[in-house]
Amino acid sequence: MTSDRLRRAATLGLLCWRAGPVLAVSQLVVTVVAGLLPTGTVWVTKLLIDGLAAGLVDRVLGPVVGLVALGLAAGVLPHVTGYLRAESDRRLDLLLQDRLYTRVNGFQGLSRFEDPAFLDELRMATQATGGAMGPITSGLFDLCRNVITLAGLLGALAVLSPLMAGLVAVAALPTLAARMSLEKRRTRMIAGQSTAARRQIFYSSLITDVEAAKEVRLFGLGDFLRRRVIGELGTMQAAERRLDRREALTQSALAGLSAVVSGAGLVWAVYAALAGRLTLGDVTAFAAAVAGTQAALIATVENAANASHALLLFDHHERVMSLSDDLSPPRRPALLPALRRGIELRDVWFRYDESHPWVLSGVDLTIPHGASVALVGLNGAGKSTLIKLLCRFYDPSRGAILWDGVDIRDVPPAELRARMGVLFQDYMSYDLTAAENIGVGELEAMSDRARIQAAAEMSGADQIVRALPQGYDTMLSRIFFGPEDDAGVVLSGGQWQRLALARALVRERRDLLILDEPSSGLDAEAEYEVHRRLREHRSGRTSLLVSHRLGAVRDADLIVVLGEGRIVEQGTHDDLIAARGGYAHLFETQASGYRVEA
Ligand SMILES: Nc1ncnc2c1ncn2[C@@H]1O[C@H](COP(=O)(O)OP(=O)(O)OP(=O)(O)O)[C@@H](O)[C@H]1O
């Protein structure tokens with residue numbers, strides 16, 4: 001094991017200790033006792049046989065009692081060990097999962113979640129929880145036990161024949177070296193397979209995913225995806241097969257070497273006994289010690305390799321834990337005042353990373369307090385990106401966003417977000433009840449049915465929810481059952497959208513309401529109704545509405561047109577129509593479409 005692995009092992013040991021100090025000490029004691037058992041048995045057996053050969057009852061009594069006690073310990077210890085391990089694994093698992101998810105929740109922005117390298121690391125790190133650490137912790141304790149057994153047996157062997165003890169130890173070196181080299185190859189192989197593994201998971205999830213089921217069937221993609229899954233799996237298995245073959249060959253050759261060494265030892269012991277240099281007990285002890293030493297050596301090497309391999313998983317966990325925060329720390333920490341004047345984007349430039357083109361290139365925009373602002377622009381103009389910057393999911397590459405003059409980088413992101421109600425274009429549909437689907441917008445309101453209902457009324461979701469079998473308590477899921485063990489209900493796209501809108505509206509400490517395409521999935525009547533209510537709701541409140549339906553934005557106090565990463569036009573609907581620019585052209589195009597149909 002490299003020093004890195006040793007450090008990881010030490011960290012894991014420390015975590016085991018934190019998870020349950022008494023359990024850790026108990027496991028250590030049991031490990032030491034279990035490790036000494038084989039040597040004790042070999043030596044006491046030797047004493048018994050020598051006593052029997054001498055025909056002396058008083059030299060036999062002690063060893064017999066000793067063997068009974070050792071047998072009892074050998075019978076009971078595995079069960080005690082099993083219980084201690086299971087309990088300590090459970091506690092360690094709790095600790096690791098808690099640690100990992102606390103860290104992941106600590107990434108306040110989105111960039112980490114869009115970085116494939118991080119996602120890979122995270123996937124491996126989540127595999128290091130859920131009991132997967134059991135083999136490592138058990139492996140480390142097994143390693144300790146086998147090292148103790150090995151030292152004891154080699155000691156016993158050295159008393160009988162120092163040469164033989166040396167020979168057995170030296171014969172183990174090639175095994176150790178070969179096992180470690182195989183382990184390195186296996187590690188490299190697993191690392192090399194990570195992309196193929198990710199692709200394989202992706203393809204197989206498409207085959208089983210309910211969301212994808214429609215298109216997969218319509219386009220007949222099932223066989224195409226199955227072939228890709230099998231193809232990726234086949235490539236991974238071919239690499240594993242090559243390594244397994246190499247391992248089988250190497251291990252067989254080394255097992256042959258061990259057999260030769262122990263055979264030679266046995267011949268020597270028998271000759272030594274015939275010559276009167278060894279007693280009958282010595283020969284028995286010698287044979288048992290050689291076999292035991294070799295078995296313990298192999299087990300030790302195996303344990304070390306397994307632990308080292310499993311520590312790699314823990315390595316991923318530790319790497320995620322050691323990542324720095326994704327958003328820059330505040331330069332002048334400040335408190336976020338309730339919005340009084342407005343929000344200003346000052347020369348904001350942004351691109352998703354260095355290799356991407358600029359999405360925003362010098363946006364100057366003021367959202368005055370109490371005003372309803374509409375943001376329009378063609379697909380890909382950067383509207384949703386601008387919203388994500390307002391929520392501080394990313395920091396601008398250049399420029400600043402000021403909330404009543406305070407740079408939002410100087411306030412805790414959670415505080416900023418608590419002051420916003422946001423409906424994203426790609427909102428979530430939670431496998432929860434209807435009330436919970438709204439309540440997650442404000443956890444404090446989760447049990448406040450009146451507040452949830454008020455938000456639902458505003459978004460037009462109330463009627464839909466009331467018509468459900470259990471009303472607000474209906475489970476909206478096909479994965480989980482409802483409170484009465486009833487199967488969940490599936491909503492339509494537009495119905496989900498109204499629930500998501502209610503979720504954005506349920507917040508009370510809200511200074512800014514952001515709605516990104518809030519009515520894209522609604523029928524014409526519902527859209528009209530939702531926008532009418534929203535207009536009332538937004539009046540006198542600060543809001544930002546993104547919509548491609550220009551009829552829905554015409555009443556906004558300020559309409560802002562985003563194009564080529566900048567604000568290209570802004571004003572009221574009448575101003576912009578009078579200016580006969582891009583907005584007027586877009587509005588006319590949409591309106592003429594309706595006129596032709598009419
Ligand atoms: N997470 C991301 N990583 C890299 N590029 C992104 C990401 N999200 C968006 N983009 C790119 O940024 C540009 C602006 O996207 P954005 O979603 O902000 O546009 P939009 O104006 O909201 O478009 P639409 O009207 O289609 O919703 C697009 O070119 C898009 O490809």
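**Stop 1: the four-stranded sheet.** In this predicted model, begin by selecting strands β2, β1, β4 and β5, which form an open sheet in the order β2-β1-β4-β5 with antiparallel pairing. Next, colour β2 (360-368) and β5 (406-407): these two strands stand at the edges of the sheet. Each of them has a single partner strand, so one side of each is left without a neighbour in the sheet.

Now restrict the selection to β1 (residues 342-350) and β2. Their antiparallel pairing extends over seven bridges. To see one bridge, display Val 348 together with Val 363, its bridge partner in β2. While the strands are in view, recall that in a regular strand the side chains alternate between the two faces of the sheet.

**Stop 2: strands β3, β9 and β10.** Select β3 (residues 372-376) and β9 (residues 558-563), which pair in the parallel sense over four bridges. Here Leu 375 stands opposite Val 560 in β9.

Keep β9 selected and add β10 (residues 566-571). The pairing of β9 with β10 is antiparallel and covers five bridges. Display Leu 562 and Ile 567 as well, since the latter is the bridge partner of Leu 562 in β10. Then turn to the hairpin of β9 and β10, where two residues lie between the strands. In this hairpin Glu 564 takes a positive phi near 50°.

**Stop 3: helices α6 and α10.** Select residues 162-192 for helix α6 and residues 280-322 for helix α10. The two axes come within 10 Å and cross at roughly 25°. The helices are therefore roughly parallel to each other, and α6 passes α10 in a right-handed crossing.

To view the contact itself, display side chains on both helices. On α6, the residues that meet α10 include Met 164, Val 168, Leu 176 and Arg 179. On α10, those that meet α6 include Val 290, Leu 297, Ile 298 and His 309. By class, the contact has 11 nonpolar, six polar and three charged residues.

**Stop 4: Arg 498.** Finally, select helix α16 (residues 493-505) and centre the view on Arg 498, which lies in that helix. Is Arg 498 buried or exposed? Arg 498 is buried, because 27 other C-beta atoms lie within 10 Å.

Add Ser 459, Gly 460, Ala 461 and Ile 464 to the selection; Arg 498 touches these residues, leaving aside any up to four places away in sequence. Met 458 may be added too: Arg 498 and Met 458 are 40 residues apart in sequence, and their C-alpha atoms are 9.2 Å apart in space.

Key: Residues numbered from 1 in each chain as written. Predicted model: local features only at pLDDT ≥ 70, side-chain atom pairs only at ≥ 80, totals over all residues. Axes fitted to C-alpha atoms, helices over the stretch in contact; angles between N-to-C directions. Parallel < 35°, antiparallel > 145°, perpendicular 65-115°, else oblique. Left-handed = near helix turned anticlockwise from the far one by under 90°. Contact = placed C-beta atoms within 7 Å. Nonpolar A, V, L, I, M, F, W, Y, C, P; charged D, E, K, R; others polar. Buried ≥ 20, exposed ≤ 12 C-beta atoms within 10 Å, placed from the backbone. Pairing = 2+ DSSP bridges.
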